[in-house]
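Reader: Hi! I'm new to this one and would like a close look at a single part, with the rest brought in afterwards. Could you walk me through it in plain words?

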Amino acid sequence: MAQAAKFENILYEVKPDGLAWITLNRPEALNSFTGAMLGELAQAFRQAEQANEVRVVVITGAGRAFCAGQDLRANPEAIQDLQHWLATTYRPMLTALQALTKPTIAMVNGVAAGAGFSLTLACDFRVASARAKFIPAFGKIGLVPDSGMSRFLPRLIGFSRALELLGLSRDLTGEEAYSWGLVNRVCPPEQLIEVTTGLAGQLALAAPLAYRLTRELFQRSPELDLAGALSLEEDFQGRAGSSADFKEGLAAFEEKRSPRFSGK
Ligand code: T3D
């Protein structure tokens, strides 16, 4: 272990291979979110962004669950004013997660319910155990999707399927989530770490600047017309084309070797 920071509700660990592992760590309550946990997550995301040695961030849950969403018992004050609660706890966490320029993977080891489901969607990739379950949860307690789900879910699986899940409070198994295009990989539980580490290892070798700009292109293009999308591509390709990574990519091609990207 290269580095370990102290948190009370999550584990944060950076491994020598450049993977930062962030583990939601309240297994007795299925890793459900409290205000304290959301604050720690935001801090961990900022820490991972600043750490040069971190190439990829993996988020998972301790024990049998990924995350059961908002802790429905621990924060009675949350229920008094949900608008304020969301704006002051979930929003900073999600903003810090989205501000990460490094690839993020949700390793979904068990149930991901409500805002826990949302957290998986806010990551770049999802790797699910066949035992995972994606549970909308919001509708069952008379709420609407929050913590980014309204933005991410329809973009990933389309309007109609997203509305089916939320409107009917329909759960998805890991296998179904894979067949719906919601997760990138699904595997037996005992292979989850290996499959996730394999994907993360490949991402760690990708050109960091090109990766970051590609993600931003995909995030912004749905709001652009063709002219706008082409302009953004031209702008970003200009930046990527003047990077040291592009020179390294060309040199590696000529020398018939794998590139070693620096992110510059
Ligand atoms: O409220 C706001 O602040 C607004 C924000 C909302 C965002 C949201 O996330 S809304 C959605 C909140 N989450 C849920 O509604 C899910 C509630 N949990 C469940 O439906 C079930 O627990 C699961 C389907 C996730 C798992 O079922 P199962 O049978 O595998 O486990 P279990 O026996 O129900 O739970 C095990 C323990 O975890 C149990 O505690 P106990 O009885 O052994 O002491 C259970 O109460 C606890 N637990 C599960 N989910 C939560 C929780 N404790 C607090 N909050 C939870 N969300």
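Author: Let's begin with how the pieces get their names: helices are DSSP runs of H or I with at least four residues, strands are runs of E with at least two, and both are numbered from the N terminus. What you see is a predicted model, where local features need pLDDT of at least 70 and side-chain atom pairs count only at pLDDT 80 or more, while totals for chains, interfaces and linings use all residues. Residues are numbered from 1 along each chain as its sequence is written, and side-chain values use heavy atoms, with hydrogens and water left out.

Now for the close look, at helix α6. This helix covers residues 159–168, and Ala162, Leu165 and Leu166 are buried in it (buried is under 20% relative accessible area, exposed is over 50%, and partly exposed is in between, with a 1.4 Å probe and protein chains only). Those three sit on the same side of α6 because they cover an arc of only 85° around the axis, the arc being that of the directions from the helix axis to the C-beta atoms. The general background is that an α-helix has 3.6 residues a turn, so residues three or four places apart point the same way.

What do the buried residues of α6 pack against? They pack against α4 (115–122), α5 (149–157) and β9 (172–173), where contact means heavy atoms within 4.5 Å. Turn to the face pointing away from that buried side and you find Ser160, Gly167 and Leu168, which are exposed. Just after α6 comes Ser169, with a positive phi of about 50°. As a rule, most residues other than glycine have a negative phi.

Ser169 has company in that respect. Ser147, in the loop between β8 (133–135) and α5, has a positive phi of about 50° although it is not a glycine. Ser147 counts as buried at 7% relative accessibility. Lys256, in the segment after α11 (244–254), has a phi near 50° too, but this residue is exposed, with a relative accessible area of 77%.

Over to a strand: Thr104 lies in β5 (residues 104–108) and is buried at 1% relative accessibility. Its contacts, leaving aside neighbours within four places in sequence, include Val57, Leu97 and Asp124. With Asp124 there is also a link of 2.9 Å, from the side chain of Thr104 to the backbone nitrogen. Such a polar contact is a pair of N or O atoms within 3.5 Å; within protein, one must be able to donate a hydrogen and the other to accept it, and residues adjacent in sequence count only if both atoms are side-chain atoms.

Last stop, the ligand. It is surrounded by 21 residues, the closest being Arg64, Ala68, Gln70, Arg73 and Ala115 (near means a heavy atom within 4 Å). One oxygen contact of the ligand, at 2.8 Å, goes to a polar backbone atom of Gln70; an N or O atom in the side chain of Arg73 is 2.8 Å from a ligand oxygen; and a backbone N or O atom of Ala115 lies 2.8 Å from a ligand oxygen as well. Taken alone, the ligand exposes 1100 Å², and the protein buries 67% of that, using Shrake-Rupley areas with a 1.4 Å probe; for residues, only the protein chains shown count as cover.
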